[in-house]
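This report describes how two chains are built and how they meet. The sequence and the structure are shown first, and the description follows.

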Amino acid sequence: MGSNMAECHPVGFQWVMEAKLRGATVIHVDPRFTRTSANASIHVPIRAGSDIAFLGGIINYILQNQRDFREYVVAYTNAATIVDEGFRDTEDLDGLFSGWDAEGRRYDPTSWQYQGMVAKPSTGLREVAVRMAAVPDRPVDVPEPDQDPTLQHPRCVYQILKRHFSRYTPELVEQVCGVPRERFLEVAETLCQNSGRERTSAICYAVGWTQHTVGVQNIRAAAIIQLLLGNIGRPGGGILALRGHANIQGATDIPSLFDLLPGYLPMPHAHHHPTLEAYLAMDAAPAGYWGRMREYTVSLLRAWFGDAVGPENEWGFGWLPRVDGDHSVYPAVLGMLDGRVQGFFLLGENPAVGSANSKLHRIAMSKLKWLVVRDLVEIESASFWKDGPEIASGELRPEEIPTEVFFLPAASHVEKDGSFTNTQRLLQWHHRALPPKGDCRSDLWFFYHLGRAIKRKLAGSAEARDRPVQALTWGYPIEGAEEEPSAEAVLAEINGRDASGRPLGTFTELKDDGSTACGCWIYCGAYAGGVNQVARRRPGREQSWVAPEWGWAWPANRRILYNRASADPEGRPWSERKRYVFWDPVAGRWTGADVPDFKVDMPPDYLPSPGARAEMLLRGDEPFVMQADGKGWLYVPNGLQDGPLPTHYEPHESPVGNPLYGQGANPVRQRFERSLNRTNQDGERYPYVVTTYRLTEHHTAGGMSRFLPFLAELQPEMFCEVSPELARERNLVNGGWAVISTARATIEARVLVTDRLRPLRVGRRLVHQVGLPYHWGSRGLARGASANDLLAIVLDPNVHIQEAKAATCDIRPGRLSR
Amino acid sequence: MSSGVRGGENLLARWPVLRQLRARDPLGLGLTAQSRRSAERRARIADAERVVRSVCPYCAVGCGQLVYVRDNRVTQIEGDPDSPISRGRLCPKGAASEQLVNHALREYRVKYRRPYGTKWEELSLERAMDMIADRVLATRAETWEERDAEGRMLNRTLGIASLGGATLDNEENYLIKKLFTALGVVQVENQARI
């Protein structure tokens, strides 16, 4: 769902086809009929933005018909956990959960908590846990909340879930999603039949799920299905994110993201984290592997600041800058419009084409003092000041744009060493084949040399703010005439070392006394033994199907996370057919096809003793070792901004109302209403749904594809897809031109009239959907309008991702007047 | 056989029936169907001086690539059959990666646009690096926030922002985050969010 895998991840899709040849049923739920649909057993067209209604329908089907994998659910999820008596559901409050603060437009999650325990989330918004920790008389993170293993208690998670989704019936799915009930029931039943002891089902998604104001809750809904059906931690199961760029996963693990430090440590918050002790007290969970957060943090600070830090200065924790709100890219770009942000680095990114409301980004960049663009080609974001659409229209004039622009040519992937982390958490090394030409340089080179120049300029400074720069460890070996820093040396720092300089083998070797340094605890082991494990390339045909000696997967080279759940509570495989990781009672250790994601010698019947900490505070039958209670979370008491359970809300722009609740859209979504970012609240003016997507032959904003002759020839021109019915309604002709408009912008595109899109019956209304690929811009060999001009900046509240997959538009035949 | 017919003996030897019989290829579906032109073609990877292992830079499937190099130039990029992920396959983008490296629109020189300028100007890489370092330090000094209105520590600048693509390597992201964090730049972002 939410993915066109055959066209966007074609080589990965070979494994889906292999599975199909072996008898698997492939279901594709997507607004468009694509090559993925053509190769699927079942294709279900769905209205863009209605995924939670569909998934909620499946959850309801599982619960009403008792199709859950009961032993798995009771033992491994929080189904039995009892929730605070103050909790009120969206069913009780017409689309809001308890704790709603209408004025601040946010939730106080106090009432969402477990009874008898405050469980900190393994990731996500820990401010919530922070506020909770201030509540007296509540034990924090004693991993034994009140439970009812019979699942009968009216406030246990299982019963809450049942009530929450009880109205997500096949009829409602039909009404909201435009999916006929028989077709929905076929999907729900197929999924249930293919899950359990003997079988597992996997759910794949891509940004068709994340780019919504309910993006996180879309994936949460899938997580609930997979936990109820016992499809997590087992071979053939899981929720598989199909990431669209070579190193999306890695850029999250070693984040160039505002809210994280490497390894999912949170950036310190100005309000909650004045000291290292406060940071750890509020964020480290006593139980599970987050119980070692002090080791991870101190080792990171030692890697960054070396001998300049010690216990006397809190390992330099006070030097770290503080966040106190959403500092993600969209607010930053709005800050350019307002004159707050003066300087901007673009490192292989093209927001003038690729970001939602791309026109706003172009105008924002025209307000900057300085801009640095590093790319292979002169992308639209580098040249907006001389040939952007606003220059053509006369809206902007180069002579009036103050922005100083530095364009620096980049090295390609074959001109530098380094690692990508693929979509399955697998790190692979790409070797330098030849040096880059001319001024082309790697970003490693750029930042190493920029850092060296800055350190030189600040060497004599006595300013307090310059101390961390002066202390920053920056002694990477350099190679060759262009003085390229050694990527392998950087990987070694990321991996970590002990006091003697020996590369660490795994993250449990990390210490909190400063004797270890490690740049990213989850990558510890990638350079174990001083060997670049990431560069391993033992041919797949010479290995088991798990192929553990190809590259290196974090953490600890585990290929399936939480794989302790592939065995039953006693440690035996759930079935011979689905045997993966299990307890060997003779050897007294976990074994199997993969590296066990569990303390390898912890027996299944282990019970924590008083005084235990971290992973030793969880039981031997609790597989979810990153969770404070060791359980898979059907219900999320902590960490989410918009509720403990997914709820169907309409997209911010929708042609229909929400039939379930008075609350239409996600109440906590982030809105930024201003003249350059108007949104449509009038269904009649923009009556159609518009969604965006990729083509096989192009790559995102086009910087790596529109400039290549082969790819430009294969997909030369921007187009829009419409159904024959919509074409009739609006006199659109196949091969002709159309003008597509939203509350933000108007663009033109060639028309493709196709049965691949079809109108859906949603309630009493026939909803038409317009499909737009988003790769084009004003430069390169293949040029065209940018679909992102049409989209609004309106964001998911948890992760600040834009709603690019569902908006409203109008479409008319003809071209833009010039 | 429009060209290259030189002698009777050769002609006989090239007679398809005879070739099929000799090669035990009765259906003519094997090498006997090959024209001389095909037989004389050489793979563009045949003369490579070295083959370097790489990873496709487009999507996150992580297909293995083999980079063929001759005379300090990438001559072709193909799928790596050893990869348990891709088994030698590449999609149209991955298969076009040789053009990603060599295409005519790639930029090789620093370009500079001065404020209110109407055209690009030349600038040396060294000078550009120095100017960028100066801009960073000046903006940082001008927009530094030591504490918020309630006296809480901030140690940061909101005057600088960064947005990286998700084709940056892990090692590159590590240096980006490390340097920017030490400088107090918190608006460090990546395509990974978008």
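A residue counts as buried if 20 or more other C-beta atoms lie within 10 Å of its own. By that criterion, six of the six residues of strand E8 (residues 185-190) of chain B are buried, so E8(B) is largely enclosed by the rest of the structure. The model discussed here is a predicted one. Strand E7 (residues 153-164) of chain B pairs with E8(B) in the parallel sense, over five bridges. In this pairing, B:Ser162 stands opposite B:Val188 of E8(B).

**Chain B as a whole**

Chain B contains seven helices and eight strands. Its radius of gyration is 29 Å, whereas a compact globule of 194 residues would have one near 16 Å. Along the principal axes, the C-alpha trace of chain B spans about 100 × 40 × 25 Å. Of the 194 residues, 44% count as buried. Among contacts in chain B between residues at least 6 apart in sequence, 31% join residues at least 24 apart.

**Domains of the two chains**

The domain assignment divides each chain as follows.

| Chain | Domain 1 | Domain 2 | Domain 3 |
|---|---|---|---|
| Chain A | residues 5-95 + 106-241 | residues 336-405 | residues 670-813 |
| Chain B | residues 8-40 | residues 50-102 | residues 126-190 |

In chain B, the centres of domain 1 and domain 3, taken over C-alpha atoms, are separated by 69 Å. In chain A, the centres of domain 1 and domain 2 are 41 Å apart on the basis of C-alpha atoms.

**The contact between the chains**

Chain A brings 130 residues to the contact, and chain B brings 97 residues. On the side of chain B that touches chain A, helix H7(B) gives the most, with 13 residues. The residues of this side of chain B divide into 51 nonpolar, 23 polar and 23 charged.

H7 (residues 170-183) of chain B lies across E12 and E13 of chain A, and runs at about 95° to E12(A). These two strands of chain A belong to an open sheet of three strands, ordered E12-E13-E16, with antiparallel pairing. Strands E12 (418-421) and E16 (552-553) of chain A stand at the edges with a single partner strand each, so one side of each is left without a neighbour in the sheet. Four bridges link E12(A) with strand E13 (residues 426-430) of chain A in the antiparallel sense. Within that pair, A:Ser419 stands opposite A:Trp429 of E13(A).

Strand pairing also crosses from one chain to the other. Strand E11 (residues 404-409) of chain A and strand E4 (residues 111-113) of chain B run antiparallel and are joined by three bridges. The bridge partner of A:Val405 in E4(B) is B:Arg113.

**A covered helix beside the inter-chain pair**

Which elements pack against the buried residues of H18(A)? Helix H18 (residues 380-387) of chain A is mostly covered, with six of its eight residues buried. The buried residues are A:Glu380, A:Ser381, A:Ala382, A:Ser383, A:Phe384 and A:Trp385. From chain A, they pack against strand E9 (343-347), helix H16 (351-354), helix H17 (358-365), strand E10 (370-375) and E11. From chain B, E4 also packs against the buried residues of H18(A). Both strands of the inter-chain pair, E11(A) and E4(B), are thus among the elements that these residues of H18(A) pack against.

Conventions
Residues numbered from 1 in each chain as written. Chains lettered and ligands numbered in written order. Predicted model: local features only at pLDDT ≥ 70, side-chain atom pairs only at ≥ 80, totals over all residues. Pairing = 2+ DSSP bridges. Contact = placed C-beta atoms within 7 Å. Axes fitted to C-alpha atoms, helices over the stretch in contact; angles between N-to-C directions. Domains from an automatic or database assignment. Nonpolar A, V, L, I, M, F, W, Y, C, P; charged D, E, K, R; others polar. Rg over C-alpha atoms; globule rule 2.2 N^0.38 Å. Buried ≥ 20, exposed ≤ 12 C-beta atoms within 10 Å, placed from the backbone.
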